[in-house]
Amino acid sequence: MTSFHVETGGLADGRQILYFNTAPDAGRASFADKRDLGDRVSAGEIRYDVLRDEWVAVSAGRSGRPNLPVACPLCPSDGQELTEVPAPDYEVAVFENRFPSFGGFGEPGPLPPTEAAGMETSAPASGRCEVVVFSDDHDSSLVDLSPERVALIVRAQAHRTAALRERGDVAQVFCFENRGVEIGVTLHHPHGQIYGYPYTTPQTRKHLDANRRHRAATGRDLFDDILESERRGPRVIAENDHWTAFTPYAARWPFEVHLYPRGERFADLTELPDEYIDAFAPLYLDVLKRCDNAYPGEQMPYMAGWHQAPFGEDRDLGRLRFELVSIRRGPGRVKFLASSESVMGGWVHDLGPETSATILKEAL
């Protein structure tokens, strides 16, 4: 088990920063942010789409965020080079996003779509957006980190999930990472994000509804049955005593890997025992290495994150699990989400799930 310690500090515009350390009393929160940032950027509002039955965030302030700047804002502050992280070094740092999609500063709490009325319904974009910086080494990637560091990152995500639940204006927490310019990443420094949504996301609502129907029809849990079925099949990439990594039967993306905990059900990261966190880290690093080895010389761009149950109604239908997807469909080629996927939601898998799973299984 890897213990951790949290130090809490502040940034120049009033945002919060937290340092997650493996050693106590690191003193990183004592470093002040000496920048003049002016007023905080507003998160804007959320608008209800009556046709799709979902909320959409409208956040014009995000247009001002940096795009591959020369001076990285996630590196430690050094002399006159002042960044989002005032300390001269750190292990894992978490701070409020300067350009948030959500963050209404105590505005009303979670809003179910059923509260919408009329053709134009809006509400403040309450909730919270945070940045999770995985390392102070600008030139590293998550795949380069030690299992101990990855476990510390997961513990930081669990800590933040618990804290956001206590706010009262967050319905669901999504911890995620985007990697690669093909995905649209605007900062190369190894980092992820946390979204505290003021509503339950459309994807999660679909998953909850599917599990509800499955339980009514069979008396069993859908996620349990998926895992049992996949473990018997040909698409298991890797596994250990606590986790199984597999490409799902009806995968959408050219490369898609799901990591399910074995033996027990957990609603979110706050329920995940230490032994599961410690077992997740090396298995996930194994998956990432396989992804990067799939096409030698080409780092795999990906989007990855934790599915977590919402905090309120239907929480018992949710299941903690991890998902990684990539648009890489071959050497030097990526899949663009064109009209069928983007407009109609009609997905086409370019390789075949069994083929992409075999590529990853053989990629060490």
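Among contacts in the chain between residues at least 6 apart in sequence, what percentage join residues at least 24 apart? In this predicted model, the share is 69%. Keep that figure in mind as we walk through the chain, since several of the stops below bring together parts that are separated in sequence.

Let's begin with the overall picture. The chain contains 16 strands and six helices. Its radius of gyration is 20 Å, which agrees with the value near 21 Å that a compact globule of 364 residues would have. If you lay the C-alpha trace along its principal axes, the spans come to about 55 × 55 × 40 Å. Of the 364 residues, 52% count as buried. What the chain exposes amounts to about 16,400 Å², and carbon and sulfur atoms supply 49% of that area. As for charge, there are 39 positive and 55 negative charges, and their mean positions lie 4 Å apart.

Now turn to the N-terminal part, and to the loop between strand S2 (16-21) and strand S3 (45-49), where you will find phenylalanine 31. Is this side chain's residue buried, exposed or partly exposed? Phenylalanine 31 has a relative accessibility of 39%, so it counts as partly exposed. Leaving aside residues up to four places away in sequence, phenylalanine 31 touches Pro86, Ala87 and Pro88. For a sense of scale, pick out leucine 320 as well: phenylalanine 31 and leucine 320 are 289 residues apart in sequence, and their C-alpha atoms are 36 Å apart in space.

Three aspartates in this region make a useful set to look at together. Aspartate 25 sits in the loop between S2 and S3. Its phi is near 55 degrees, a positive value in a residue other than glycine. With a relative accessible area of 75%, aspartate 25 is exposed. Moving along, aspartate 49 belongs to strand S3. Here the relative accessible area is 18%, and because buried means under 20%, aspartate 49 falls in that class. Aspartate 49 is 73 residues from serine 122 in sequence, and the two are 9.6 Å apart in space, C-alpha to C-alpha. Then comes aspartate 53, in the loop between S3 and strand S4 (54-58). Aspartate 53 is not a glycine, yet it has a positive phi of about 60 degrees. Its relative accessible area is 30%, which makes aspartate 53 partly exposed.

Next, follow the chain to strand S8 (residues 172-179). Why can S8 be described as largely enclosed by the rest of the structure? Six of its eight residues are buried, so the description fits. S8 pairs with strand S9 (residues 191-197) in the antiparallel sense, over five bridges. To see one of the matched positions, find cysteine 175, whose bridge partner in S9 is isoleucine 194. S8 is also joined to strand S13 (residues 302-307), by four bridges and again running antiparallel. In that pairing, asparagine 178 has methionine 303 of S13 as its bridge partner.

Another group of strands is built around S11 (residues 243-246). Which residues of S11 point one way, and which the other? Trp243 and Ala245 go one way, Thr244 and Phe246 go the other way, and all are buried. S11 forms a hairpin with S10, with three residues between them. Strand S10 (residues 236-239) and S11 run antiparallel and are joined by three bridges. S11 also pairs in the antiparallel sense with strand S12 (residues 255-261), over four bridges. Alanine 245 is a good residue to select here: it is the bridge partner of alanine 238, and its own bridge partner in S12 is leucine 259.

Our last stop is helix H4 (residues 274-293), which holds isoleucine 277. Isoleucine 277 is buried, with a relative accessible area of 4%. What does isoleucine 277 touch, not counting residues up to four places away in sequence? Its contacts are Ala151, Val154, Arg155 and Leu272. From isoleucine 277 you can also look back to alanine 238: the two are 39 residues apart along the chain, and their C-alpha atoms are separated by 16 Å.

How values were computed. Residues numbered from 1 in each chain as written. Predicted model: local features only at pLDDT ≥ 70, side-chain atom pairs only at ≥ 80, totals over all residues. Heavy atoms only, no water. Buried < 20%, exposed > 50% of the residue type's maximum accessible area, 1.4 Å probe, protein only. Helix = DSSP H or I, 4+ residues; strand = E, 2+ residues; numbered from the N terminus. Pairing = 2+ DSSP bridges. Rg over C-alpha atoms; globule rule 2.2 N^0.38 Å. Contact = heavy atoms within 4.5 Å. Areas by Shrake-Rupley, 256 points an atom, 1.4 Å probe, with all protein chains shown as cover. Lys, Arg positive; Asp, Glu negative; His and termini not counted. Charge placed at Lys NZ, Arg CZ, Asp CG, Glu CD.
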